[in-house]
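Student: Please take one part of this model and go through it closely. I would like to see how the aromatic rings and the elements around them fit together.

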Amino acid sequence: MIEEGSQNSEQLLEEEGDDLEFDSNDLEIEGDDPGIEDNDLGIEDNNLEQDKNLGIEGHDLPEGNDLEDNCEQLFDIEYHVLENNRDDATLEVQNGDFLGKDYPPPVLGMEFESYDDAYNYYNCYAKDLGFAIRVKSSWTKRNSKEKRGAVLCCNCEGFKTSKEAHSRRKETRTGCLAMLRLRLVESNRWRVDEVKLEHNHLFDPARAQNSKSHKKMDAGAKRKVEPTVDVEVRTIKLYRTAAADPLGYGSTNSNEGESSQHVDRSKRLKLKKGDAHIIHDYFCKVQLRNPNFFYLMDLNDEGFLRNVFWIDYRSRAAYGYFSDVVIFDTTCLLNKYEIPLFAFVGINQHGQPILLGCGLLVDETLETYIWLFRAWLTCMLGRPPQTIITEQCKAMQSAIAEVFPRAHHRFCLSRVVHRIFDNLGTLPDYEGFQRTLNVAIHDSLKVDEFEMAWEDMIQRFGIADNECLQACYEDRERWAPVYSKDTCFAGISTLLKDGSIRFFNGYVNQQTTLKEFFDMNEIVLQKKYQKEALDDFESRHSSPILRTGSFYELQLSRVYTNEIFRRFQDEVQMMSSCFSITQVHANGPLITYMIKERQDEENLRDIKNFEVMYDKRGAEVRCICSCFNLKGYLCRHALCILNYNGVEEIPPLYISARWRKDLKRLYVPDSGSSNIDIANPVQWFDHLYRRALQVVEEGMISEDRYMVAWQAFKESLNKVRLVAEKHL
């Protein structure tokens, strides 16, 4: 059976198959869904009001002595990313645009304690925006009647049935596709498995207020149901543990046997004369141009600088689109560069690295990493990444487990392989060992195959006692591809060349000084932004050359960005190497096929078998190679099975929004409340600034849009000046 973690699967749950029982295809949530009493959402009115007014919590935190008793030290920084704006402010999605509201838009991976919590969260989010919801479908386990999943949709989903076509009731349905798919996962938690935010209609808050889903809701008497996050986002305070590291963890290069009790509490960044002024001057200069630029300095008890972290509004906005995979790049720390630079790196719609925050670190200890991850997560509104990829480091692993407990933590595969090769470089048959290890890692389709290949390799080369190899084997579930088939990687394997994905690759080397880095930093960022804008323009205004007559190729040439389409195009071409499709098992609509692929055109005997599962009910398909999760598009084996079953188009389920070229991505600040105090000039500035940036982002798309935006700015300025003259 398809494993429970299969991508966006509604029916294909492990060991359930036909045991799933679906309710009505168009259940009205108000009548058939479990009822929620008003007091189920209880929160005191004055507490809710206080939260809105203060924007941050923590005024009732224990005194410093109490914190020391708990082996934690309060880091004395209460910061606002924007003055008078709550850092925990959430996002409103109105026809694709993000604005401030009380409830964040749903994202993949959100988890809730119960189905009721998940439903109430989506209902509150819908009420904030001005639309109503209902349960489109739900499914249960046949024997126990236990609810296993559900799809919540906009009330405007679908159209009138033929029976209702002549009804006098006003047509309110528009075929809206906005929805939220929920699935019961381990630990009895409810996870968001699929999200569609875009509506095809205007919002009508007045009408939504009168809908059945909102009538029961009394905002003053119901508690605010929110998805679980990994830190107290509302408390805009950062804590760091005591300087001593009780676990004794360090980096892979550190001496882990050293006693952590000898850690120097006054440890600080090794800065040259004038470096502190360079950092300060750079931050001041950037903030003058961009008030939404944010930085944080970590000082020790003596006031010396330990760590520095900075991030701009564009990085925070980009994270809203590309939070599925984040690489924590510590190449400069690992290789002892002149500057201890780190970077959070994401992958954009063109498969290229984008910056999601960076800074300088004093060391690679558990304390430092916890401080950094909490700072970064708070800037990202408490939304952890789905997958985070790092070096193989115990301190980092422990910090991620504490700050991002529900993220998929994976080690950089190429780094692990290089480490093994470096450690075993003296083997007599070193080249044979390299080939054997690569085959075990990349050719194993099942866990049993990998385990057997690893054991054979150990015995063949007599390396069972090698400590490095043993340590890597113990962590195999974090780096071996066969263990991560349900983990989203956004195709990063195609970018890994020197063992990491480096945003500053080609600009920073081991001798680069701090002054040289800050002198070039703005230039590097502008080059990256210009390349992304150019790639966007080319993807929207050019038609890729097709290589085959496959309609799958034509379909995605109209949807995906050029670079991602070229990668998918390779899979379409390789369909010709697949042959001999055989049905090996059937369980109702769920069919298992075995498809053969010729690996080498010259060696016709080099053939490999791939198992592909197909569900006729929803045209869901999954190959054992798990290409869709690893790269974000279907493999040649899955395409062959769709074609074999007469499916003429790739189902929408397998067209990832992150690769689309027609999706508007506005890199504008998304923090701050939409409730503007008309007596507060600071809030005037922030509100107008964010709205103006939306026009700027739209105006950069083409020359025509630029001219329209420029003309609109001139007209607006004239109108504002006329108002000022009337009051003179």
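Tutor: In this predicted model, Lys-528 lies over the face of Phe-503, at 4.9 Å from the ring centre. Phe-503 belongs to an aromatic cluster that also takes in Tyr-282, Phe-283, Phe-293, Tyr-295, Trp-310, Phe-504, Phe-517 and Phe-518. A second charge over a ring is found at Phe-304: the charged end of Arg-268 sits 4.0 Å from the centre of that ring.

Next comes the sheet. It is open and has seven strands in the order S11-S12-S15-S14-S13-S16-S17, with mixed pairing. S11 and strand S17 (408-411) are its edge strands, each pairing on one side only. On average, neighbouring strands of this sheet are turned by 20° against each other, direction ignored. Strands of a sheet pair through backbone hydrogen bonds, either parallel or antiparallel. For S11 and strand S12 (residues 305-311) the sense is antiparallel, over six bridges. Met-297 has Val-308, in S12, as its bridge partner. Helix H16 packs on the sheet and touches S12, strand S14 (341-347) and strand S15 (353-360). The direction of H16 makes about 160° with that of S15.

The loop between helix H7 (275-289) and strand S11 (294-299) holds Asn-292. Asn-292 has a relative accessible area of 4%, so it is buried, the limit being under 20%. Between Asn-292 and Arg-314 there are 9.1 Å in space, C-alpha to C-alpha, and the two are 22 residues apart in sequence.

Back to the rings: the count of aromatic pairs comes to 43. One of them joins Phe-421 and Phe-433, edge-to-face, with 6.2 Å centre to centre and 80° between the planes. This pair links distant parts of the chain, as Phe-421 is in helix H12 (residues 413-423) and Phe-433, 12 residues apart from it, is in helix H13 (residues 430-442). Phe-421 is buried because its relative accessible area is 10%. Phe-433 is buried as well, because its relative accessibility is 0%.

Trp-454 and Trp-479 form a tilted pair, because their planes stand at 55°, with ring centres 6.1 Å apart. This pair, too, links distant parts of the chain: Trp-454 lies in helix H14 (residues 447-461), and Trp-479, 25 residues apart from it, in the loop between helix H15 (467-474) and helix H16 (514-541). Both Trp-454 and Trp-479 are buried.

Terms used: Residues numbered from 1 in each chain as written. Predicted model: local features only at pLDDT ≥ 70, side-chain atom pairs only at ≥ 80, totals over all residues. Heavy atoms only, no water. Phe/Tyr/Trp six-rings, centres within 6.5 Å; stacked < 30°, edge-to-face > 60°. Helix = DSSP H or I, 4+ residues; strand = E, 2+ residues; numbered from the N terminus. Buried < 20%, exposed > 50% of the residue type's maximum accessible area, 1.4 Å probe, protein only. Lys NZ or Arg CZ within 6 Å of the ring centre and 35° of its normal. Pairing = 2+ DSSP bridges. Axes fitted to C-alpha atoms, helices over the stretch in contact; angles between N-to-C directions. Contact = heavy atoms within 4.5 Å.
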